[in-house]
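Reader: I am in my first year and still learning how to read a protein model. Could you take me slowly through one part of this one?

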Amino acid sequence: MRYWVLTGIVLAAYLVQSVLGPYLAIAGVVPDVVLAVAVACGLLFGWQVGLAVGFGGGLLIDLTIGQLIGSHALAGSLVGFVAGLVEERVFKDNLLLPLAGGVVGSLLGQTVVLVCLLIFGRSISLAEFGSKLLPSVIYDTVLCMLVYWRIFRLYGFIKPDPRGIIVLRRR
């Protein structure tokens, strides 16, 4: 696998979310691009890659714009892991796959962040969370579909050859 390409994708998603995110907000909801990348990588490459991408991107978000260090890393890791569990059982070119992944990933990620904040004593009103949940899920689902198809176009380049490395020898 071309880990440098995945690292570049995660860094690009982080930059879009942290720099452009406030300008792309709709109805007070900021897009979670890193979560969409974790879902897409989990669905395309398996749970190991989804977990690593979710953790790395979530930790970057936590260190710069997060409220509680580790909450987005935990949420991204869990979402990438869950998305990667179904990787072997689905057709990767199915149109409904990123749609379902976006809905489940957004709900799971936001719930994990909310629970982490509540456990560590942050005051979050559940009414405000509930009012922003549906717009956020819709926004993240559309974003996940767009990100999934962009990464899917690179699938042949990123996915390793199952036969391993082929070495040609001269005689």
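Reader: Looking at helix α6 (residues 126-153), about how many helical turns separate Trp 149 and Phe 152?

Author: Please keep in mind that this is a predicted model. Trp 149 and Phe 152 are three residues apart in helix α6 (residues 126-153), and therefore about one helical turn lies between them. As for their surroundings, Trp 149 has a relative accessibility of 24% and so counts as partly exposed, because the partly exposed class begins where the buried one, under 20%, ends. Phe 152 is also partly exposed, its relative accessible area being 24%. The ring of Phe 152 pairs with that of Tyr 155, and since the two centres are 6.2 Å apart and the planes stand at 25°, this pair is stacked.

It helps to place this within the full count, which comes to six aromatic pairs. Trp 149 and Phe 152 form an edge-to-face pair, because their ring centres are 5.3 Å apart and their planes meet at 85°, where an angle over 60 degrees is what edge-to-face requires. Ring pairs also join these residues into a cluster made up of Phe 45, Tyr 148, Trp 149, Phe 152 and Tyr 155.

For a contrast in accessibility, you might turn to Ser 106 in helix α5 (residues 96-119), which is buried, with a relative accessible area of 1%. Leaving aside residues up to four places away in sequence, Ser 106 touches Leu 35, Ser 136, Val 137 and Asp 140.

Key
Residues numbered from 1 in each chain as written. Predicted model: local features only at pLDDT ≥ 70, side-chain atom pairs only at ≥ 80, totals over all residues. Heavy atoms only, no water. Helix = DSSP H or I, 4+ residues; strand = E, 2+ residues; numbered from the N terminus. Buried < 20%, exposed > 50% of the residue type's maximum accessible area, 1.4 Å probe, protein only. Contact = heavy atoms within 4.5 Å. Phe/Tyr/Trp six-rings, centres within 6.5 Å; stacked < 30°, edge-to-face > 60°.
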